Amino acid sequence: MKPDEIRKLEAYLKKTFNVSTLQVRARPRKDDSAEVYLGEEFIGVLYRDDEDEDLSYDFQMAILEIDLD
């Protein structure tokens with residue numbers, strides 16, 4: 001993903017989740033996705049989907065059972 005695209009996604013997620021410490025970072029050697037962090041903790045991946053005529057993004061986040069306790 002391009003830097004301006006990452007900045008827009010980060011701003012959107014910060015506003016949507018009301019979390020100022022959220023960061024979207026470029027992935028090494030990948031141009032179709034970015035990593036999402038809460039502070040320094042990795043929480044998920046944003047995937048860019050432009051196969052159809054409409055551009056969209058998918059956010060994937062795994063929640064471990066031990067994190068629910």
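D31 sits in the loop that links β1 to β2. In this predicted model, D31 has a relative accessible area of 62%, so it counts as exposed, the cut-off being over 50%. Along the chain, D31 and P3 are 28 residues apart, and 11 Å separates their C-alpha atoms. Here is a friendly tour of the rest, starting with that loop and moving on to the sheet and the helix.

**Loop residues to look at**

- R29 shares a setting with D31: R29 too is found in the loop between β1 and β2.
- The phi angle of R29 is positive, at about 60°, although R29 is not a glycine.
- R29 counts as exposed because its relative accessibility is 82%, where exposed means over 50%.
- N18 belongs to another loop, the one between α1 and β1.
- Phi of N18 is also positive, near 55°, and N18 is likewise a residue other than glycine.
- With a relative accessibility of 70%, N18 is classed as exposed.

**The sheet as a whole**

- Four strands make up an open sheet in the order β1-β2-β3-β4, and their pairing is antiparallel.
- The edges of the sheet are taken by β1 (22–26) and β4; each has a single partner strand, so one side of each is left without a neighbour in the sheet.
- On average, neighbouring strands of this sheet are turned by 30° against each other, with direction ignored.
- As background, strands of a sheet pair through backbone hydrogen bonds, in either a parallel or an antiparallel way.

**Pairing of β1 with β2**

- Strand β2 covers residues 33–38, and 5 bridges pair it with β1 in the antiparallel sense.
- If you want a residue pair to find on screen, take L22, whose bridge partner in β2 is L38.

**Pairing of β3 with β4**

- β3 (residues 41–49) and β4 (residues 56–60) run antiparallel and are joined by 5 bridges.
- Together, β3 and β4 form a hairpin, with 6 residues between the two strands.
- Within this pairing, R48 has Y57 in β4 as its bridge partner.
- When you follow side chains along the strands, keep in mind that in a regular strand they alternate between the two faces of the sheet.

**The helix and the sheet**

- Helix α1 spans residues 3–17 and lies across β1, β2, β3 and β4.
- Relative to β1, α1 runs at about 160°.
- After α1 comes the loop that holds N18, placed between α1 and β1.

Methods:
Residues are numbered from 1 along each chain as its sequence is written. This is a predicted model: local features need pLDDT of at least 70, side-chain atom pairs count only at pLDDT 80 or more; totals for chains, interfaces and linings use all residues. Side-chain values use heavy atoms; hydrogens and water are left out. Two strands pair if DSSP finds at least two bridges between them. Axes are lines fitted to C-alpha atoms, for helices over the stretch in contact, and angles run from 0 to 180 degrees between N-to-C directions. Contact means heavy atoms within 4.5 Å. Buried means under 20% relative accessible area, exposed over 50%, partly exposed in between (1.4 Å probe, protein chains only).
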